[in-house]
Amino acid sequence: MDPGLGLSQEQLAELAEVHRTYIGDIERGERNVSLRNIERLATALGMTMAALMASTERLCGEGGR
């Protein structure tokens, strides 16, 4: 989930106010992320929800994982 900011999972989790293992679960595709947590992650990364989703789509491709 690193968009080039150099954040560790633990740092991102702290900024987004979620548990650190949650970030790893998201990266492995083991969690469905709620809109509230997408908002938290986007805010922590300094971007809009739309920008986060667009960057995720670019990284994963249109078909997902």
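Analyst: Contact means heavy atoms within 4.5 Å. The model discussed here is a predicted one.

User: Leaving aside its neighbours within four places in sequence, with which residues is alanine 16 in contact?

Analyst: Alanine 16 belongs to α1, where it meets residues of α3. Once the neighbours within four places in sequence are set aside, the residues in contact with alanine 16 are Arg40, Leu41 and Ala44.

User: Which residues of α1 are buried, and why do they lie on the same side of the helix?

Analyst: An α-helix has 3.6 residues a turn, so residues three or four places apart point the same way. The buried residues cover an arc of only 100 degrees around the axis, which puts them on the same side of α1. Buried here stands for under 20% relative accessible area. The residues of α1 that satisfy this are Leu12, Ala13 and Ala16.

User: Which exposed residues does the opposite face of α1 carry?

Analyst: The buried side of α1 is covered by elements that include α2 and α3. On the face turned away from that side, the exposed residues are Glu10, Glu14 and Leu15.

User: Which element gives the most residues to the largest nonpolar core?

Analyst: This core has 13 residues, of which Leu12, Ala16, Val18, Ile23, Leu41 and Leu52 touch the most other members. Two or more residues come from each of α1 (9–16), α2 (20–27) and α3 (35–45). With five residues, the element that gives the most is α3.

User: How are α1 and α3 arranged relative to each other, and what is the handedness of their crossing?

Analyst: The axes of these two helices come within 8 Å and cross at roughly 110 degrees. Angles of 65 to 115 degrees count as roughly perpendicular, and α1 and α3 are therefore roughly perpendicular to each other. Leu12, Leu15 and Ala16 of α1 meet Arg40, Leu41, Ala44 and Leu45 of α3. The crossing of α1 and α3 is right-handed.

User: At what angle do α3 and α4 pack, and which residues of α4 make the contact?

Analyst: Helix α4 spans residues 49–60 and packs against α3 at about 90 degrees, with the axes 8 Å apart. The two helices are therefore roughly perpendicular to each other. On the α3 side, the contact is made by Leu35, Ile38, Glu39, Leu41, Ala42 and Leu45, and on the α4 side by Met49, Leu52 and Met53.

User: Which residue follows α1, and what is the sign of its phi?

Analyst: Helix α1 covers residues 9–16. The residue that follows α1 is glutamate 17, and its phi, near 60 degrees, is positive.

Technical notes:
Residues numbered from 1 in each chain as written. Predicted model: local features only at pLDDT ≥ 70, side-chain atom pairs only at ≥ 80, totals over all residues. Heavy atoms only, no water. Core = buried A, V, L, I, M, F, W, Y, C linked by side-chain atoms within 4.5 Å. Buried < 20%, exposed > 50% of the residue type's maximum accessible area, 1.4 Å probe, protein only. Helix = DSSP H or I, 4+ residues; strand = E, 2+ residues; numbered from the N terminus. Arc of directions from axis to C-beta. Axes fitted to C-alpha atoms, helices over the stretch in contact; angles between N-to-C directions. Parallel < 35°, antiparallel > 145°, perpendicular 65-115°, else oblique. Left-handed = near helix turned anticlockwise from the far one by under 90°.
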